[in-house]
Structure formats: structure tokens, C-alpha cells
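Trainee: I am new to this structure and would like a close look at one part of it. Please take me through the sheet and what lies against it.

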Amino acid sequence: RPRDIVHTIAKGAAHGAIASNITIDNLPCVTEPVLVVPDSSLRLCLVKQAGAPNPVFAKDLPKVLLAVEHPKTVSDYLIEKGYPEESFSLHHVNGSSEAYVSCMPYHFPLCSAIVETGKTLEVNKLEILEVIKDYGQITIGLYLRPKDVCAL
């Protein structure tokens with residue numbers, strides 16, 4: 001999995017990997033981009049159950065719990081949107097974040113998910129609440145350890 005490969009690079013067991021910018025941005029700074037291209041087929045979205053009320057982000061209410069695969073990206077987005085940090089809590093998961101919202105909507109009203117066709121959302125009766133990274137904002141690239149970049 002791309003997230004695992006970046007950790008392998010950090011430990012010196014691999015020289016580089018092809019990964020997305022959101023994977024790289026959410027892991028320790030162990031790589032440098034060599035070549036990146038926009039991926040016009042993917043979006044990173046906040047997802048909720050279809051028809052469910054939108055969660056309310058407020059300091060004086062219970063925190064909104066989100067299942068997320070890319071915590072730094074989601075946290076940065078929520079803060080940029082003006083949601084108080086005290087109003088949400090991110091639960092870092094590795095894959096299938098949609099299952100948390102689909103199976104436990106009262107505990108996890110939101111998740112972040114990579115959306116390509118939307119078929120998974122449709123099958124699980126989920127819908128996009130907000131787009132965090134739109135088409136073209138997610139990039140796929142070749143990332144190398146910094147000393148390997150210098151050797152090119």
C-alpha cells in the first residue's frame with residue numbers, strides 16, 4: 001500500500017515510491033518529489049449518510065467524530081473552513097473509512113474518502129457533504145529520499 005511504502009523509505013529500505021500528494025503530506029517528511037502530475041479522476045471528500053442531517057461543528061456541542069485516512073489534510077481543511085479545533089475529533093483509520101459512517105453513523109457521522117466514480121457511496125447510501133481536494137488537486141508522483149534526489 002502506498003502509505004506503507006513511504007514508511008519503508010523513511011527506514012532506508014526503499015529509495016522511492018509512486019504515491020499521491022495527500023499520502024506524502026500526511027506522513028513524515030522523508031521524500032522529495034521528482035515528478036508529479038495531477039489526477040483528474042480523484043477527489044478527497046467529507047462523506048455522510050445520504051439524507052442525514054449535517055453535523056454541527058461548535059465549541060459548546062459534543063465533538064463531531066470523523067473517520068479519516070489523511071488526518072493532516074482533513075484537519076487543515078476544517079481549520080481553514082473556520083471550524084473550531086475543539087469541535088471535531090479525527091479517528092485515523094487505514095482504509096475503508098466509509099464503513100465507519102455506513103455501519104456506525106451515530107458514532108461517526110462523517111468520514112473522509114477518496115471518491116472516483118461515487119459507486120461505493122451510492123451502494124452504501126452515502127453522499128458527499130464537502131469536497132476537500134477537488135479534481136486535479138490530488139497529484140500522483142514519484143517521490144525519492146532526499147539523498148537519492150541529489151544523486152539524479
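Mentor: What follows describes the sheet, then a helix across it, then one residue within it.

This is a predicted model, in which local features need pLDDT of at least 70 and side-chain atom pairs count only at pLDDT 80 or more, while totals for chains, interfaces and linings use all residues. Residues are numbered from 1 along each chain as its sequence is written, and side-chain values use heavy atoms, leaving out hydrogens and water.

The sheet is open and has 5 strands in the order 5-4-6-3-7, with mixed pairing. Strands, like helices, are DSSP runs numbered from the N terminus (E, at least two residues, for strands; H or I, at least four, for helices). Two strands pair if DSSP finds at least two bridges between them. Strand 5 and strand 7 are at the edges; each has a single partner strand, so one side of each has no neighbour in the sheet. From one strand to the next, the twist averages 30 degrees.

Strand 4 (residues 64–68) pairs with strand 6 (residues 110–115) in the parallel sense, over 2 bridges. Leucine 66 has leucine 110 in strand 6 as its bridge partner.

Helix 3 (residues 71–80) lies across strands 3, 4, 5, 6 and 7, and runs at about 165 degrees to strand 5. Axes are lines fitted to C-alpha atoms, for helices over the stretch in contact, with angles from 0 to 180 degrees between N-to-C directions. Contact means heavy atoms within 4.5 Å.

Lysine 48 belongs to strand 3 (residues 43–49). Leaving aside residues up to four places away in sequence, lysine 48 touches several residues, including Leu110 and Leu129.
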